[in-house]
Amino acid sequence: MAIRLGPVLQFRGFTGSTWQFSALIVTDIGDDVPLLKTVSPLQQGNTVHLADMPFSNPRYRAWRMEMNAALGSGAVTFELAGKAYHLHIPAVGQAPRMAYVSCNGFSDPKLMKSVTYPNANWSRIKSQHDEQGYHLLLMGGDQVYSDSIWGKVSALKGWLEKSVDQRQKVKLGTAALNQIDSFFAELYIERWSQQEPAAMLAAVPTIMMWDDHDIMDGWGSYPEKLHGSDVHKGIFTAARRYFHLFQQQLKDGGNEAHPASIDGTMNLQFAGLGNVSILALDLRSERQPKPMQIIAPDSWDKIYAWLDGWQPQTAHEPEPQHLLILSSIPLAYLDLSYLESLLQTLPGQQELEDDLLDHWRSEAHRQERLRFIHRLFDLATEKHCRITLLSGDVHVGAYAVIESQLARHKEQGKALYQLVSSGVVHPVPPALVRYVLESVAGREELVEKDIRARQLPLTRKGNYLLGQRNWLSIEPDEEAQKGRLWCKWYQEDEDEPICKVINWRE
């Protein structure tokens, strides 16, 4: 028996005092279920057959093996096919130690030549994990890069060179859809089975939320003619099935919801992890150009209903509470529309230009963004909680704050912080582009009257952007009553991390 992929651990939440997670395993289709043995206090749950894939011509079989342990179990062990794996369970009331990554791949094969060791950051994350024991691995988008689909799927070759009207008319037959299906199956197995990321995926339960490259670059931000084309719809349908299977570990067929799903949507919530709660927003499933939206109104209603019902504090004296929100696209970032004319004069910037409409600050999304910002400020004031956003996408590290001077916003409700870490594998933009971005990073944004956003200096030299590949470590203060989060950006080729502290109180 050959295990083609796995185990890939996934956090499924906790009930009462039980920490629940699962392991995704991919085998050849004719093989038996790999033997799983848990070592007490770890308990084994159900083993679920998720799918045979590629769906059109199965060669592999995917399994979900469920496990659980009581909070406070500490280091626990399970064996799979005779090999031992170890992970850490937090104590009762302990906020989890977390690593955050995004952009796990290359948007262009040529970029691979620009880095000496593509998975260097993954090796460092594993070394850091071996020292201190992360409880969760947050993966904020672009867990795989599908950009090679245009060259590897023969039915799609030449499609990008056609005019928009010509592309709209192309129809995908069964053979083409089967090629796309096989492409995504092989993409996940190839990318996640690489030694360095595989070691972390087998050691720390993940919380994943996809972004555009898990589908196609700029998904949802193209003109309606392309968004509704046969090619775009065919790619999205296949990408969504594999997102459900690999990143959410759900049975194929669409009839199973993730245990952390918010009212059947793909948005996930994990409340009460010590004094930390996590909300992972799906910014891609419902993104579309007409009507222009990032998240559908009905899904926003469900997200806000969950937030309104979230109880992060005791009935009397408020305790330090943090809400971490995974927003794959940064909510507070540079005004890329201002930079568009500059970027168009630079070579090789098609990817950045495609991202303009993708961002929250695009004119098309500003109303949706403003409503979201107001709700977050109101929530932080009402619940006495600190809200911090975790983002990726932009291939640089950054640190920002959105501040409100409105009278109704008090204490924690006066500032929303945002941490950007990107990418764990994808290279940074060229030096000239970084120079242009850095030159405007200090500009303050007037979101609306009495609400402003600004980038905060991040490097020791006072720069706003990290010009090296990076990942983020989020470490709750050992003195929980102080409510601090120690946030550390680890950069490639730098020995010491850059540390910022998010305080519960200003």
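Author: Let's start with a cut-off: buried means under 20% relative accessible area, exposed means over 50%, and partly exposed is in between (1.4 Å probe, protein chains only). Cys-499 has a relative accessible area of 34%, so it lands in between and counts as partly exposed. One caveat: this is a predicted model, in which local features need pLDDT of at least 70, side-chain atom pairs count only at pLDDT 80 or more, and totals for chains, interfaces and linings use all residues. Also, residues are numbered from 1 along each chain as its sequence is written, and side-chain values use heavy atoms, leaving out hydrogens and water.

Reader: How do you know that Cys-499 has no bond to the closest cysteine sulfur?

Author: A disulfide here is a pair of cysteine sulfur atoms within 2.5 Å. The closest sulfur to that of Cys-499 belongs to Cys-487 and is 7.4 Å away, which is too far for a bond.

Reader: And what about the sulfur of Cys-385?

Author: Its closest cysteine sulfur is also in Cys-487, but at 15 Å, so that is too far for a bond as well. The structure as a whole holds zero disulfides. Cys-385 has 0% relative accessibility and therefore counts as buried.

Reader: Why is Ser-327 called buried?

Author: Its relative accessible area is 0%, so it falls on the buried side of the cut-off. Ser-327 sits in the loop between strand S15 (322–326) and helix H9 (336–343). (Helices are DSSP runs of H or I with at least four residues, strands are runs of E with at least two, and both are numbered from the N terminus.) Contact means heavy atoms within 4.5 Å. Leaving aside neighbours within four places in sequence, the contacts of Ser-327 are Leu-283, Trp-360, Leu-389, Leu-390, Ser-391 and Gly-392.

Reader: What makes helix H7 close to its expected reach?

Author: The expected span is 1.5 Å times one less than the number of residues. H7 (residues 230–247) has 18 residues, with 26 Å expected and 25 Å found from first to last C-alpha. H7 is also mostly covered, with 13 of its 18 residues buried. Just after H7 comes Gln-249, whose phi is positive at about 55°.

Reader: How do you know that strands S4 and S5 pair?

Author: Two strands pair if DSSP finds at least two bridges between them. S4 (residues 43–53) and S5 (residues 60–70) have eight, in the antiparallel sense. Ala-51 stands opposite Ala-62 in S5, and a hairpin of six residues joins the two strands.

Reader: What makes S3 and S7 edge strands?

Author: They belong to an open antiparallel sheet of three strands in the order S3-S6-S7. S3 (36–39) and S7 (83–89) each have a single partner strand, so one side of each has no neighbour in the sheet. The twist averages 25° from one strand to the next, where axes are lines fitted to C-alpha atoms (for helices over the stretch in contact) and angles between N-to-C directions run from 0 to 180 degrees. S3 and S6 (residues 74–80) pair over four bridges, with Leu-36 opposite Leu-80. S6 and S7 share seven bridges, and Phe-78 has Tyr-85 as its bridge partner. Two residues lie between S6 and S7 in their hairpin, and Ala-81 in the turn has a positive phi of about 50°.

Reader: Which strands are the edge strands of the sheet of eight?

Author: That open sheet, with mixed pairing, has the order S11-S12-S15-S16-S18-S17-S20-S19. Its edge strands are S11 (268–273) and S19 (445–448), each pairing on one side only. Inside it, S17 (residues 398–404) and S20 (residues 451–455) run antiparallel, joined by five bridges, and Ile-402 faces Ala-453. Helix H8 (residues 297–309) packs on this sheet, touching S11, S12 (276–280) and S15, at about 175° to the direction of S12.

Reader: Which residues touch the most other members of the largest nonpolar core?

Author: A nonpolar core is a set of buried Ala, Val, Leu, Ile, Met, Phe, Trp, Tyr and Cys residues joined through side-chain atoms within 4.5 Å. The largest has 112 residues, and Met-53, Phe-184, Ile-235, Phe-246 and Ile-278 touch the most other members. Apart from that one lies another core of 34 residues, including Leu-279 and Val-447.
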